[in-house]
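Let's read a protein chain together, one small exercise at a time. Try each task yourself before you look at the solution.

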Amino acid sequence: MKILTILGSSRREGNTEYLVNQIMDGVQHTELFLGDYKLDPIIDQRHSEKGFSPSSDDYELVLEQLLAHDVIVFATPVYWFGMSAQMKTFFDRWSQYLRDKRFNMKDSLREKQAYVVTAGGSNPHITALPLIQQFGHIFDFVGMTYTDYVIANAVKPGEIKLDVLALEKAKQWNAHFKTLT
C-alpha cells in the first residue's frame, strides 16, 4: 500500500509535523507540504452553465498524488478550532474536482483509508473534536474509510514532546504502517 502524508501547517517543523515524522519514521511514504504549492482559493462555479474555470495553480499536482496513494494521513494544526487555511483550501477545491471527469475522483477516494493528525492547545481533546467530526463528514461524503485520528496537546514549538499519549499513539501507527509497506 502506498502512503501519503498531507501536511497543512503554515510553518515547517511545527508540532504537527513532528508528530507526523514520528508516525512515519522508517515507513516508506510520500510527503506533501501544502505550503510548497500554489493553491488558489475556490471560486464557486458549481451552478454556472460553463462550470468551473480552469486554474493555473499547482492543485492538480497535489490531486494526482492524492489519487495515486492508498493511505492518506491528513495533518493540520488546530487553527481557531478548525483546520488550517491551507488544508481548508485543499478540501474546498474538491467541489471543483469531484465534477472533473478527467480524475474520476469520487470512485478513487472510496478506495482510500484516511487518518488525521492534529495538534493544538486550549484543551484540544475537547475543542478539536468539531475538527475531527468535520474530517469525518468530508470522508463520509466521498466514501473514504476514516480509520483513526490523533489529537495532540501542543502549542509552542516543541511542546509535542511532552504529550506522552500522542507520542504513544504515533508509535502504534508507526508499527501498523510498517506492516502496510
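The exercises below go from the whole chain to its cores and then to single residues.

Before you start, note that this is a predicted model, in which local features need pLDDT of at least 70, side-chain atom pairs count only at pLDDT 80 or more, and totals for chains, interfaces and linings use all residues. Residues are numbered from 1 along each chain as its sequence is written, and side-chain values use heavy atoms, with hydrogens and water left out.

**Exercise 1. The outline of the chain**

Task: find how many helices and strands the chain has, and in what order the elements run.

Solution:
- Step 1. Know what to look for: helices (H or I, at least four residues) and strands (E, at least two) are DSSP runs, numbered from the N terminus.
- Step 2. Count them: the chain holds eight helices and five strands.
- Step 3. Read the order from the N terminus: β-α-β-α-β-α-α-α-β-α-α-β-α.
- Step 4. Check the overall size. The radius of gyration is 16 Å, close to the 16 Å that the globule rule gives for 181 residues, so the chain is as compact as a globular protein of that length. Here the radius is taken over C-alpha atoms, and the rule is 2.2 Å times the number of residues to the power 0.38.
- Step 5. Add the extents: the C-alpha trace spans about 55 × 35 × 25 Å along its principal axes.

**Exercise 2. Inside the chain**

Task: work out what share of the residues is buried, and which residues touch the most other members of the largest nonpolar core.

Solution:
- Step 1. Set the cut-offs: buried means under 20% relative accessible area, exposed over 50%, and partly exposed in between (1.4 Å probe, protein chains only).
- Step 2. Apply them: 46% of the 181 residues are buried.
- Step 3. Define a nonpolar core: a set of buried Ala, Val, Leu, Ile, Met, Phe, Trp, Tyr and Cys residues joined through side-chain atoms within 4.5 Å.
- Step 4. Look at the largest core. It has 33 residues, and Leu 66, Phe 74, Phe 90, Phe 91 and Trp 94 touch the most other members.
- Step 5. See where its residues come from: elements giving two or more include β1 (3-7), β3 (71-77) and α3 (85-92). Helix α7 gives the most, with six residues.
- Step 6. Zoom in on Phe 91. Not counting residues up to four places away in sequence, Phe 91 touches Phe 74, Met 83, Phe 135, Ile 138 and Phe 139; contact means heavy atoms within 4.5 Å.
- Step 7. Find the second, separate core: this one has 24 residues, including Val 27, Val 117, Leu 167 and Trp 173.

**Exercise 3. A mostly covered helix**

Task: decide which residues of helix α1 are buried, and what they pack against.

Solution:
- Step 1. Locate α1 at residues 15-24, where seven of its 10 residues are buried.
- Step 2. List them: Asn 15, Thr 16, Glu 17, Leu 19, Val 20, Ile 23 and Met 24.
- Step 3. Follow their packing: the buried residues of α1 pack against β1, β2 (30-33), β3, β4, β5 (145-153) and α8 (164-180).
- Step 4. Look just past the helix: α1 is followed by Gly 26, with a positive phi near 80°.

**Exercise 4. Positive phi outside glycine**

Task: describe where Phe 81 and Asn 104 lie.

Solution:
- Step 1. Recall the background: most residues other than glycine have a negative phi.
- Step 2. Take Phe 81, which has a positive phi of about 70° and lies in the loop between β3 and α3. Phe 81 counts as partly exposed because its relative accessibility is 45%.
- Step 3. Take Asn 104, with a positive phi near 45°, in the loop between α4 and α5. At 47% relative accessibility, Asn 104 is partly exposed too.

**Exercise 5. Two ends of one chain**

Task: find how far apart the C-alpha atoms of Met 1 and Thr 181 are.

Solution:
- Step 1. Place Met 1 in the segment before β1.
- Step 2. Compare sequence and space: Met 1 and Thr 181 are 180 residues apart along the chain, yet their C-alpha atoms are separated by 5.6 Å.
- Step 3. Name the contacts: beyond four places in sequence, Met 1 touches Asp 70, Val 71, Gln 113, Leu 180 and Thr 181.
- Step 4. Classify Met 1: its relative accessibility is 44%, so Met 1 counts as partly exposed.
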